[in-house]
Amino acid sequence: MSELTLTVMRLGFLAVLWLFVIVAVQVIRSDLFGTRVTQRGSRREAARPQQSGRQQARQQAAPPQQRAQQGGGRRGRNAPTKLVVTEGTLTGTTVALQGQTITLGRAHDSTIVLDDDYASSRHARIYPDRDGQWIVEDLGSTNGTYLDRSRLTTPTPIPLGAPIRIGKTAIELRK
Amino acid sequence: MSSTTNSPTHHTSTIGAIGAPSRRNTELALLIFAVVIPVFAYANVGLALDDQVPSGLLSYGLGLGLLAGVAHLGVRKFAPYADPLLLPLATLLNGLGLVCIWRLDQSKLLQSLPNFVTAAPRQLLYTALGIALFVVVLIFLKDHRVLQRYTYISMFGALVLLILPLVPGLGANIYGAKIWIRVPGLGSLQPGEFAKIVLAVFFAGYLMVKRDALALASRRFMGLYLPRGRDLGPILVVWGISILILVFETDLGTSLLFFGMFVIMLYVATERTSWIVFGLLMSSAGAVGVASFEPHVKMRVQAWLDPMKEYTLSQQGQFGHSEQAMQALWAFGSGGTLGSGWGQGHSDLIKFAANSDFILATFGEELGLAGIMAILLIYGLIVERGVRTALAARDPFGKLLAIGLSGAFALQVFVVAGGVMGLIPLTGMTMPFMAYGGSSVLANWALIAILIRISDTARRPAPAPASNPDAEMTQVVRPS
């Protein structure tokens, strides 16, 4: 085999090997799953008062039934899409909300396994009702579940951004 | 997590969840790539050595492709949301290892040695068994959290596996290190390779329960959290065991691997830097202490400090000295930046263990620095995916187990590569996936399978919607 061919193969092999590494790194880049950063204008009063005003008006104008139907599948712009742990050992964990029931507790088969001495094995659950409104329910826990400082006694709808506290863990629903 | 920047336009960037795609097709594409590269290397070796494409090219390529295909189908069926990179990376390393072992089989010099065996077909068999074990683990380990039940059984199992090589009649002292057992009819086995997985299960289960005590009860001193005396118990026990391994099995690598894995997991579980400081101090004290009186370890350390002297003594025919450490360095040196090309190096001069402990020297010579860097990066990517899996895992046990397994994998690569390159004293461990040896290949495929299982659980978009009793209509029975 000629020297030239071997040299070409030698360099070619190294090139292919590095190409594989680069492709693998590209896959990792495209695989940063779980989060997506979107820039959007704030819907605060000052930014675009007209538009947000119109939106509110439209939402209020929509008959309640229609809104409820929207809620079954994709709810409007104010529907939470994920649940975020904001305090405690699991800080930063997010779970996408896709109409499933989310169980919280120390039991190993919980959706979010709380490693928290103040949590019961089956502490609370979060589920959508028929209108797509997310509800938090305490499952008879020892130390209680708090929604924004008040202890839950009945299944309660969760406002966006309100902290649900279980022991040292706090959870929020976010868009 | 949404953050508001205080720019005049009030832009809000929100970070939203994406329904993670399964990425199985990405994995398949990468897997095909990972099979093509070793086939290319195989053809290259044949062309360089005999001026012709080797006759076994088709069967080798098909064999590797078939094994990779089986593994891929297993993942597709049993872990559809698993990480797309772990399997292709491991396949590529395994394939390159096979080519390198086959290339060393062709060496006339090695063939003339008395204990020569054609290693490549055996390694292909081990790979097939490894892939089979991989699929079996995926089938039977439906949920990694099941392993948590076996925390203390794992501890016992790991201790048995570690002690086995010392049992008279079963253990075998192969070239100084007593890390082997002989199983009649099967050949020799390195139980330490499997112990690493079992021990990770134990550490994960144990630290998950005990981490609060280890993290919270501590005093602050000079910026470090000093744990209470009685909380030092576990680390002292593991340290003691790893020192015992070092003394009785005379293997620095195994000892370092287990102690290092425990320290890594302890650090991840408690977030206390002081454990790392303690761990480093204790391991260096232990290693120095043992090296000062245990002859085999002492010899290894001397060969590390002055490989040339060791080489000269060995050439003079003095017993107990080995020329390999120096030869490995020469192999890396003669490879240079771009290497000599497949099949054109002379790493077979490292006669003994050229295809197992010293396989990296062959890669260093024939692929050069560029090739070694790529290979180390591929190992690094496997570790990175393991750590990513740990970050994504939603249960503390899974997090710790994934960290433990990838940490052990990283440490093993470090210990072997560092040993061959002269960074640390040489040890008897094998390069995962590449080196010739059944236990190593089997254990590492099982390790990858567990990581894939954890990553599948972590990346699965959402648990199956549970039926919600409150959302259902109440059934009303009306008398008709």
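Let's start with a single pair of residues: A:Leu83 stands opposite A:Leu173 in strand E12 of chain A. The model is a predicted one, where local features need pLDDT of at least 70 and side-chain atom pairs count only at pLDDT 80 or more, while totals for chains, interfaces and linings use all residues. Residues are numbered from 1 along each chain as its sequence is written, and chains are lettered from A, with ligands numbered from 1, in the order in which they are written.

**The sheets of chain A**

Helices (H or I, at least four residues) and strands (E, at least two) are DSSP runs, numbered from the N terminus. Two strands count as paired if DSSP finds at least two bridges between them. Here are some of the pairs in chain A.

| Strands | Direction | Bridges |
|---|---|---|
| E2(A) (residues 82-87) and E3(A) (residues 94-96) | antiparallel | three bridges |
| E2(A) and E12(A) (residues 169-174) | antiparallel | five bridges |
| E6(A) (residues 124-128) and E7(A) (residues 134-138) | antiparallel | five bridges |

E2(A) and E3(A) make a hairpin with six residues between them. In the turn sits A:Gly88, with a positive phi of about 100°. Two bridge partnerships help you follow the hairpin: A:Val84 goes with A:Thr94 in E3(A), and A:Lys82 goes with A:Ala96 in E3(A).

The hairpin belongs to an open sheet of six strands in chain A, ordered E3-E2-E12-E11-E8-E9 and paired in the antiparallel sense. E3 and strand E9 (150-151) stand at the edges with a single partner strand each, so one side of each has no neighbour in the sheet.

Chain A has another open sheet, built from five strands in the order E5-E4-E6-E7-E10 with mixed pairing. Its edge strands are E5 (112-113) and E10 (156-157), and each pairs on one side only. Inside this sheet, A:Tyr127 has A:Ile135 in E7(A) as its bridge partner.

What does the UniProt record say about chain A? Its unreviewed entry puts the annotation "domain: FHA" on residues 102-152. UniProt positions are given in the numbering used here, feature names are shortened, and annotations may be inferred rather than shown by experiment. Over residues 102-152, chain A is 0% helix and 39% strand, and the end C-alpha atoms lie 17 Å apart.

**A histidine in a loop**

Is A:His123 buried or exposed? A residue is buried if 20 or more other C-beta atoms lie within 10 Å of its own, exposed if 12 or fewer, and partly exposed in between, with C-beta atoms placed from the backbone. A:His123 has 27 C-beta neighbours inside 10 Å, so it counts as buried. You'll find A:His123 in the loop between E5 and E6 of chain A. A:His123 is 18 residues from A:Gly105 in sequence, yet their C-alpha atoms are 4.7 Å apart.

Contact means that two C-beta atoms, placed from the backbone, lie within 7 Å. Leaving out residues up to four places away in sequence, A:His123 touches several residues, including A:Leu104, A:Gly105, A:Leu139 and A:Ile166.

**Over to chain B**

Chain A has three helices and 12 strands, whereas chain B has 16 helices and seven strands. Of the 175 residues in chain A, 27% count as buried; of the 480 in chain B, 50% do. Now take contacts between residues at least 6 apart in sequence: in chain B, 70% join residues at least 24 apart, and in chain A that share is 36%.

Two packed helices are described by the angle between their axes and the distance between the axes. In chain B, the axes of helix H1 (residues 24-50) and helix H3 (residues 86-105) come within 8 Å and cross at roughly 10°. That makes H1(B) roughly parallel to H3(B). The contact involves, among them, B:Leu30, B:Ala34 and B:Tyr42 of H1(B) and B:Leu92, B:Gly95 and B:Val99 of H3(B). By type, the contact residues split into 15 nonpolar, two polar and two charged.

Some terms used there: axes are lines fitted to C-alpha atoms, for helices over the stretch in contact, with angles from 0 to 180 degrees between N-to-C directions. Angles under 35 degrees count as roughly parallel, over 145 as roughly antiparallel, 65 to 115 as roughly perpendicular and the rest as oblique. Ala, Val, Leu, Ile, Met, Phe, Trp, Tyr, Cys and Pro count as nonpolar, Asp, Glu, Lys and Arg as charged, and the others, Gly among them, as polar.

Last stop: B:Phe202, in helix H7 (residues 191-216) of chain B. B:Phe202 counts as buried because it has 23 C-beta neighbours inside 10 Å. Not counting residues up to four places away in sequence, B:Phe202 touches B:Thr151, B:Ser154, B:Met155 and B:Ala158. B:Asp395 is 193 residues from B:Phe202 in sequence and 16 Å away in space, C-alpha to C-alpha.
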